[in-house]
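Colleague: I've got the picture open and I'm new to this. Can we go through it bit by bit?

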Amino acid sequence: MPQSRRAFLEQAAALGLLYGTERAIAQAMPGMKMGGISRTAAPVNQAANVPMLHTLQLAPFVDPLPLPEIIRPGGPHHRLTVTMREIHAKVHRDVPTTRMWSYGPDAMAPVIEARAHQPIEITWVNQLPQQHFLPIDYSLHGSGHDVPQVRTVAHLHGAKVPSKYDGYPEDWFPVGGSRTCIYPMQQEAATLWYHDHAMGLNRLNTYAGLVGMLLLRDEKEDALNLPKGKYEVPLVLYDRNFSQDGQLFYGTSGDANSPWVSEFYADGLMVNGRIKPYLEVEPRLYRFRIVNTANSRFYVLSLSGNATFTQIGSDQGLLPSPVKQQRLILGCAERADILIDFSRMAGQNVQMRTGAQDMLQFRVAAHATSTANNVAPPALPPVVRIREQEAVQTRTITLHDYKDQYEQTMVMLLNRKHWHEPTTEKPKLNSTEIWEFVNLTEDTHPMHIHLVRFQVLDRQPFDLTELLMNKKRVYIADAEKPAAHEMGWKDTVQCPPRTVTRVIMKFEGYIGKYLYHCHILEHEANDMMRPFEVVA
């Protein structure tokens, strides 16, 4: 941490001035709207000597959507090796080749396919360069000059795994190293994904390209006869900025000692490693497995022509019933399992959008070549709801951001605590708890809890001034139950500003140290991330 930031925090703490969003509220600072989600504008230094590529001026839909290799763990022990490496790949027909990092030979990492209740063993190998090509902030916790510039640890997001295989941020390994992890897969079918989680670096490692998807299947899903093969398409969403020579560009604060920015948005909308690609489809039913891997961006997904789609799953598997949608807000790290019926769109072009921007074009053929698995299921397996009475404890997690005298965000905390402070949440194995996230900031935070799957109970807005001035939680509206597309199992939940968001979960499987954090990667880097420990 640079002296300026350290001095500010120490002085503010001594004077009792660490009030985070309170100043912003008192001065009624306007927020910036990003796709319907309240955001505070992040200072980004677009260096004057770096000519930028204006991706909005690129011709859309000139590149086919890359489709990933599907790999399955092989041999009697269901093993595979995934190697991280630097690659050079095209992001658009008219853009020079881009340097990036990947879990495979292409920008779109392999999709790992596994079966529920069949353990797999993955060896993660770090063959990246010794030096990073994105701007490291050495002041962030765990990111000093005393550790390797390039370090990684893979986290299988959404997996129920022993602590030592979870991808704990401090369990990173350097270039030339590797880590073998055993994933028991004792859970239901779901859209999982893997990404870097190295302390102090994961926002940059992820931005460089270290993301991939894992599809976990089971007999319940098989019985639904959903579209498969070429009719089941993974969509990995993220945004990137580029210099004119086609290289990845990550903006900074302009402070060489503290280049971290509180959020990062880019104008290059990427799907499977391409800017605004197209996909040729047939006039029939398709299944799309979608994951938002962006650092900070929320996606507001819709189809052109007010076409509808059917959502059948979210983070941790199938919903209790299909949900017709025209618009879906997908926060960072959230997943959506959707069906699109192109049968009435033969010969047309249909765009998938986020807000007003097109991201992906579907070119619908005149005729279908197959009608197998072409009927959307009228019903889905039920999801048993956890009763609130089963919870043995309710924990309150407050979300804060702290600003300097210039209203620039200095640090973001949970329960006013930094990562390195002693663990305060210690749930007992097999116990059920309710966690309530009390959001005192102006952002919607996608909160992710490792190890567990949970159910959203409700959201209720409160009077922030009353809470800050009188330490009383006064609600200003009734609690709102989750929408139909949130009625399944989740591992990441959107927590709106000035709102209490409650989730309920059972800490099953394993004891040990895990973590929970905001999945806006810039937030978790500084320092919106805390450990918890499951105890016997």
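Colleague: Leaving aside neighbours within four places in sequence, which residues is Trp124 in contact with?
Modeller: Keep in mind that this is a predicted model. Setting aside the neighbours within four places in sequence, Trp124 is in contact with Val82, Met84, Tyr103 and Ala154, among others. The rest of that list is Phe173, Gly177, Ser178, Arg179, Cys181, Tyr183 and Tyr194.

Colleague: How many residues are in the largest nonpolar core?
Modeller: Nonpolar side chains tend to be buried together in soluble globular proteins. Here, Trp124, Leu235, Phe288, Ile290 and Phe362 have the most contacts inside the largest core. Its size is 97 residues.

Colleague: Which element gives the largest share of this core?
Modeller: The share in question is 6 residues. They come from E14.

Colleague: How many residues are in the other core?
Modeller: That core lies apart from the largest one, and Leu140, Trp260, Phe298 and Met528 are among its members. The count is 30 residues.

Colleague: Is Ser243 buried or exposed?
Modeller: Ser243 sits in the loop between strand E14 (232–242) and strand E15 (248–249). Leaving aside neighbours within four places in sequence, Ser243 is in contact with Val50, Pro51, Met52, Leu53 and Phe249. Its relative accessible area is 10%, and the cut-off is under 20%, so Ser243 counts as buried.

Colleague: Which side chain does the side chain of Ser243 join in a polar contact?
Modeller: Look for a polar contact of 2.3 Å between two side chains. One belongs to Ser243, and the other to Asp245.

Colleague: Is His78 buried or partly exposed?
Modeller: You'll find His78 in the loop between strand E3 (70–71) and strand E4 (79–89). Its phi is near 55°, a positive value in a residue other than glycine. The relative accessible area is 22%, and buried would need under 20%, so His78 is partly exposed.

Colleague: What is the phi of Asn430 near?
Modeller: Asn430 lies in the loop between strand E28 (409–414) and strand E29 (432–439), and counts as partly exposed at 47% relative accessibility. Asn430 isn't glycine, yet its phi is positive, near 70°.

Colleague: Which are the edge strands of the open sheet with the order E32-E30-E34-E35?
Modeller: This sheet has 4 strands with antiparallel pairing, and the twist averages 25° from one strand to the next. An edge strand pairs on one side only, which leaves strand E32 (492–495) and E35.

Colleague: Which residue in E34 does Met447 stand opposite?
Modeller: Strand E30 (residues 445–449) and strand E34 (residues 512–518) run antiparallel, joined by 3 bridges. Opposite Met447 stands Cys518.

Colleague: Is Pro531 buried or exposed?
Modeller: Pro531 is part of strand E35. Tyr168, Trp419 and Tyr514 are among its contacts once neighbours within four places in sequence are left aside. With a relative accessible area of 5%, where the cut-off is under 20%, Pro531 is therefore buried.

Colleague: What is omega for the cis peptide bond of Asn526 and Asp527?
Modeller: Asp527 has its place in the loop between helix H6 (521–525) and strand E35 (529–534). A cis peptide bond joins Asn526 to Asp527, with omega about 5°.

Colleague: Over which residues does pLDDT stay under 50?
Modeller: The chain averages a pLDDT of 91, and 90% of the residues score at least 70. Where pLDDT is low, the predicted coordinates should not be read in detail. The stretch where pLDDT stays under 50 is residues 1–43.

Key: Residues are numbered from 1 along each chain as its sequence is written. This is a predicted model: local features need pLDDT of at least 70, side-chain atom pairs count only at pLDDT 80 or more; totals for chains, interfaces and linings use all residues. Side-chain values use heavy atoms; hydrogens and water are left out. Helices (H or I, at least four residues) and strands (E, at least two) are DSSP runs, numbered from the N terminus. Buried means under 20% relative accessible area, exposed over 50%, partly exposed in between (1.4 Å probe, protein chains only). A polar contact is a pair of N or O atoms within 3.5 Å; within protein, one must be able to donate a hydrogen and the other to accept it, and residues adjacent in sequence count only if both atoms are side-chain atoms. Contact means heavy atoms within 4.5 Å. A nonpolar core is a set of buried Ala, Val, Leu, Ile, Met, Phe, Trp, Tyr and Cys residues joined through side-chain atoms within 4.5 Å. Two strands pair if DSSP finds at least two bridges between them. Axes are lines fitted to C-alpha atoms, for helices over the stretch in contact, and angles run from 0 to 180 degrees between N-to-C directions. pLDDT is the predictor's confidence in each residue, from 0 to 100.
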